[in-house]
Amino acid sequence: MCIHVLGAGSIGLLFSSYLKKIGLKVSLLVRPETLSQITAADLAQNLHESPTVPINVLSLDGSKQAYNVNFETFNTPGPIKNLLITTKTYDTITAITPLLPRLDPHPTIILLQNGNLKVHKELSTFFGSRFHPNYIFGITTHGALRSKADRFTVTHTGIGNAIFGPAVTLNESKSLSRHGDIDLVLDQLSSLSELNVSIERDWKKLHSALMLKLAVNAIINPLTALMNCKNGFINDVSLRPLINQLVDEIALLFGHCISDQDPQLVVSIAHLVREVADVTKENRSSMLEDVANGRKIEIEYITGYLLELGAEHSVSMQNNRMVYNLLKAKFAQREV
């Protein structure tokens, strides 16, 4: 089985390497000009077949492991049946469009992105009746940072875990169409023991986990980007009143969105925010990294999606909207 990976950032490189380590064929999808640069720099091997490039994974203890991963472009011959997407959310449609001629009619698509609930909604509209994907949602707490000096070296900055599970609609009790390799893909993902992967097939539990992840991202990412601080500062006592207000609004919204919700939802969200901020206290959030590197930020897929849900369910989200508006104003020149 082959898994194609769309997105050569830190998470894309990390998961490509470990998928290769368990014996899968892994092909990283890059732009034609990127592949040309790789071959011109003599980084690629097997040029007469499918080019491979070593991805270096550095651990915090200084150890290094290298994994040879295949590199392909949109015009490489052969179908794409299993696609792991790790691109920035706002790039997803643009990145996948050139791949459509290669995409299997019933592909398995794994969404391992912040804001993947909104990406799923957009892809469903984009594909229409042309393709009938099986979707797998992914959540990860692993920390990874791609080297600025070597684009194919990634440091595993924090050991976390990952959860994967099949997507279903909110009013279904079983998985969506079962064409393709979705069960095989889930079995293979479950083999990523070094990444502490677990599989969640219960949609209600998976959806709750996705929403809680969204809540944590909607607090830690925007606030660290606004204040230019590491994650640990989120637990500073000075931020507690604002965070409590954000959490109260999100918990009220989740009361309309989550089936079989936890009666202590406010406590659960607040605890999870504190826990993630503490465990990753020396890390910079992905949104802060985007700000530092002059990239667009993913606010539309995180807080923006919460605001969409709030409008849909007639829940006031005034404090979350304030944070959203501050980010939009501060980084307007990046067309967030």
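These are my notebook entries on the sheet and helices of this structure, which is a predicted model.

**Entry 1: the sheet**

I started with the strand order. I read an open sheet of eleven strands, running β8-β9-β3-β4-β2-β1-β5-β6-β7-β10-β11, with mixed pairing. β8 and β11 (197–199) sit at the edges with a single partner strand each, so one side of each has no neighbour in the sheet. I also looked up the twist: on average, neighbouring strands are turned by 30 degrees against each other, ignoring direction.

**Entry 2: around β6**

Is strand β6 largely enclosed or not, and why? I went through residues 103–111 and found seven of the nine buried, so β6 is largely enclosed by the rest of the structure. My cut-off for buried here is under 20% relative accessible area.

Next I checked its partners. Strand β5 (residues 80–85) runs parallel to β6, and five bridges join them. Along that pairing, I80 has L103 of β6 as its bridge partner, and L84 stands opposite I110. Strand β7 (residues 134–140) is also parallel to β6, joined to it by four bridges. I110 turns up again here: its bridge partner in β7 is I136. I noted I110 as a residue to follow across the strands, with L84 opposite it in the β5 pairing and I136 as its partner in β7.

**Entry 3: the β8 end**

Which strands does β9 (residues 153–158) pair with, and in what sense? With strand β3 (residues 52–59) the pairing is parallel, over four bridges. With strand β8 (residues 143–146) it is antiparallel, over three bridges. So much for the strands; the residue to follow here is V154. I found V57 opposite V154, and R146 has V154 as its bridge partner too. The link between β8 and β9 is a hairpin, and I counted six residues in it.

**Entry 4: helix α1**

I turned to helix α1, residues 10–21. The span from first to last C-alpha is 17 Å for twelve residues, close to the 16 Å expected at 1.5 Å a residue. How many of its residues are buried? Nine of the twelve are, which leaves α1 mostly covered. I listed them as I11, G12, L13, L14, F15, S16, S17, Y18 and L19. Just after the helix, I found G23 with a positive phi of about 100 degrees.

Then I asked what α1 lies across. My list holds β1 (2–6), β2 (25–29), β3, β4 (64–72), β5, β7, β8, β9 and β10 (162–166). Against β4, the helix runs at about 100 degrees. A second helix, α6, packs on the sheet as well, where it touches β7 and β10. The direction of α6 makes about 50 degrees with that of β7.

**Entry 5: α6 against α11**

Last, a helix pair. Helix α6 (residues 203–227) packs on helix α11 (residues 318–330) at about 45 degrees, and the axes are 10 Å apart. That angle makes α6 oblique to α11. The crossing of the two is left-handed. Which residues make the contact? From α6 I noted P222, L223, A225 and L226, and from α11 I noted V323, L326, L327 and K330.

How values were computed:
Residues are numbered from 1 along each chain as its sequence is written. This is a predicted model: local features need pLDDT of at least 70, side-chain atom pairs count only at pLDDT 80 or more; totals for chains, interfaces and linings use all residues. Side-chain values use heavy atoms; hydrogens and water are left out. Buried means under 20% relative accessible area, exposed over 50%, partly exposed in between (1.4 Å probe, protein chains only). Two strands pair if DSSP finds at least two bridges between them. The expected span of a helix is 1.5 Å times one less than its number of residues. Axes are lines fitted to C-alpha atoms, for helices over the stretch in contact, and angles run from 0 to 180 degrees between N-to-C directions. Angles under 35 degrees count as roughly parallel, over 145 as roughly antiparallel, 65 to 115 as roughly perpendicular and the rest as oblique. A crossing is left-handed if the near helix is turned anticlockwise from the far one by less than a right angle, and right-handed if clockwise. Contact means heavy atoms within 4.5 Å.
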